[in-house]
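User: Got a model open here and I'd like to talk through it. Can you walk me around it?

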Amino acid sequence: MTLYELGKYLQPDEAINYRSVIRASLRVCDVTDEMIARCDSTVYLMGSNGAVCGKIPRDVLHFLWEKQQRQTFVEVLDHISEGVIVVDERGRIFYLNQAYAQILGVKPYKVIGRYIQNVEPGSLLSKVVSTHREAYSSRKRVISVDKYISVHIFPVFVKGQFAGAFSIFQDATEVHDLHEKLERMRGLIREMQGGSAGRASGLRLISPVADGTLDEMLRQCERQLLMQVLAEENDNRTQAIERLGLSRRTFYRKCNEYGLKKRLGQDEGR
């Protein structure tokens with residue numbers, strides 16, 4: 001919308017302050033804060049012929065300009081892949097973008113207007129609201145939806161006063177799961193190379209890890225560990241279960257899953 005479409009026509013005898021003139025062909029989004037700042041209480045509009053053809057109250061133009069700037073900013077945030085959430089100085093949520101809703105599976109109407117301290121107790125964003133200090137975490141769990149995110153939170157200050165905070169984050173759940181699998185695999189490999197419980201029996205790990213996906217390699221490590229412990233314990237299931245730290249149900253399920261039923265004898269299902 002151009003200023004000309006907003007402005008009212010002048011009275012013929014009205015005095016004009018030319019310091020407050022702005023081109024009428026400008027759109028609201030093209031007006032700058034500096035333009036508005038130099039105007040008095042009335043902003044006069046100059047047509048293409050150089051004559052003043054209308055006017056707008058300065059406070060009205062400033063309101064429309066702020067609204068336009070905010071809307072443009074919101075449209076940008078709604079089209080980025082990172083999740084964004086913004087709270088005021090008390091922690092009350094007043095904005096979240098589409099990525100936030102998609103990553104965490106949260107309906108905006110369920111959280112907007114609520115306090116982050118109640119929505120996610122103990123969150124980093126809650127901490128920043130309390131401390132007014134920037135915070136970062138490469139892998140932070142969101143308890144309410146049981147997901148992990150990589151998050152960076154910034155406090156916002158207006159004229160030196162804390163005015164709120166905003167959080168930018170990415171979904172790190174897959175990264176967390178991958179890290180957990182890698183740690184689990186490292187532990188299994190250490191067990192197999194060290195005699196599982198420190199009781200060396202001369203067994204050697206012939207093939208360190210199978211080729212394939214991480215899940216396939218992890219399964220192979222688990223299978224080899226089960227076989228090694230059973231061999232070390234002369235197929236004594238009770239002792240093998242105790243050394244592995246598994247429940248009987250989990251032990252038999254894994255043996256069944258990895259094709260070790262025959263090794264357990266006829267009562268492997270018990």
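What follows is a chat about strands, a helix pair and a few single residues.

Analyst: Sure. Keep in mind that this is a predicted model.

User: Okay, start with the small sheet. In what order do the three strands of the open sheet come?

Analyst: The order is S1-S2-S3, and the pairing is mixed. Strands S1 (21–23) and S3 (52–57) are at the edges with a single partner strand each, so one side of each has no neighbour in the sheet. From one strand to the next, the twist averages 35°.

User: Mixed how? In which sense do S1 and S2 pair?

Analyst: S1 and S2 (residues 42–46) pair in the parallel sense, over three bridges. S2 and S3 run antiparallel and are joined by five bridges.

User: Give me some residues to click on. What is the bridge partner of Arg23 in S2?

Analyst: That's Met46. On the S3 side, look at Tyr44, which stands opposite Lys55.

User: And the turn between S2 and S3? How many residues are there between the strands of that hairpin?

Analyst: Five residues sit between the strands, and Gly50 takes a positive phi near 90° there.

User: Back to Met46 for a sec. Which residues does Met46 touch, leaving out those up to four places away in sequence?

Analyst: With that exclusion, Met46 touches Val21, Ile22, Arg23, Ala24, Ala51, Val52 and Cys53. Met46 itself lies in strand S2. Take Ala24 as one of those contacts: it is 22 residues from Met46 in sequence, yet the C-alpha to C-alpha distance is 5.1 Å.

User: So how does Met46 count for accessibility, buried, partly exposed or exposed?

Analyst: Partly exposed, because its relative accessibility is 28%, and the partly exposed band lies between the 20% and 50% cut-offs.

User: You mentioned Cys53. How many disulfides does a search of the whole structure find?

Analyst: Zero. Cys53 counts as buried because its relative accessibility is 18%, and the cut-off for buried is under 20%. Cys29 comes out at 33% relative accessible area, so that one is partly exposed.

User: New topic: the later strands. What does S8 pair with, and in which sense?

Analyst: S8 (residues 161–171) pairs with S4 (residues 83–88) in the antiparallel sense over six bridges. S8 also pairs with S7 (residues 147–158), again antiparallel, over ten bridges.

User: Which residue of S8 does Ile85 stand opposite?

Analyst: Ser167. At 5% relative accessibility, Ser167 counts as buried. Leaving out residues up to four places away in sequence, Ser167 touches Gly83, Val84, Ile85, Leu125, Val151, His152 and Ile153.

User: And the S7 to S8 turn, what's in there?

Analyst: The two strands form a hairpin with two residues between them. Val158 has Gln161 of S8 as its bridge partner. Lys159 lies in the loop between S7 and S8, and its phi is near 55°, a positive value in a residue other than glycine.

User: Is Lys159 buried or exposed?

Analyst: Exposed, because its relative accessibility is 84%.

User: Where else is there a positive phi in a residue other than glycine?

Analyst: Asp235 has one, with phi near 65°. Asp235 lies in the loop between H9 (214–232) and H10. Its relative accessible area is 33%, so Asp235 is partly exposed.

User: Since you brought up H10, at roughly what angle do the axes of H10 and H11 cross?

Analyst: The axes of H10 (residues 237–244) and H11 (residues 248–257) cross at roughly 105° and come within 10 Å. H10 and H11 are therefore roughly perpendicular to each other, given that 65 to 115 degrees is the range for that label.

User: Which residues make the contact?

Analyst: From H10, the residues are Arg237, Thr238, Ala240, Ile241 and Leu244, and from H11 they are Arg248, Phe251 and Tyr252.

User: How does the contact of H10 with H11 split by class?

Analyst: There are five nonpolar, one polar and two charged residues in it.

User: Nice, that gives me plenty to click through.

How values were computed:
Residues are numbered from 1 along each chain as its sequence is written. This is a predicted model: local features need pLDDT of at least 70, side-chain atom pairs count only at pLDDT 80 or more; totals for chains, interfaces and linings use all residues. Side-chain values use heavy atoms; hydrogens and water are left out. Two strands pair if DSSP finds at least two bridges between them. Helices (H or I, at least four residues) and strands (E, at least two) are DSSP runs, numbered from the N terminus. Axes are lines fitted to C-alpha atoms, for helices over the stretch in contact, and angles run from 0 to 180 degrees between N-to-C directions. Angles under 35 degrees count as roughly parallel, over 145 as roughly antiparallel, 65 to 115 as roughly perpendicular and the rest as oblique. Contact means heavy atoms within 4.5 Å. Ala, Val, Leu, Ile, Met, Phe, Trp, Tyr, Cys and Pro count as nonpolar, Asp, Glu, Lys and Arg as charged, and the others, Gly among them, as polar. A disulfide is a pair of cysteine sulfur atoms within 2.5 Å. Buried means under 20% relative accessible area, exposed over 50%, partly exposed in between (1.4 Å probe, protein chains only).
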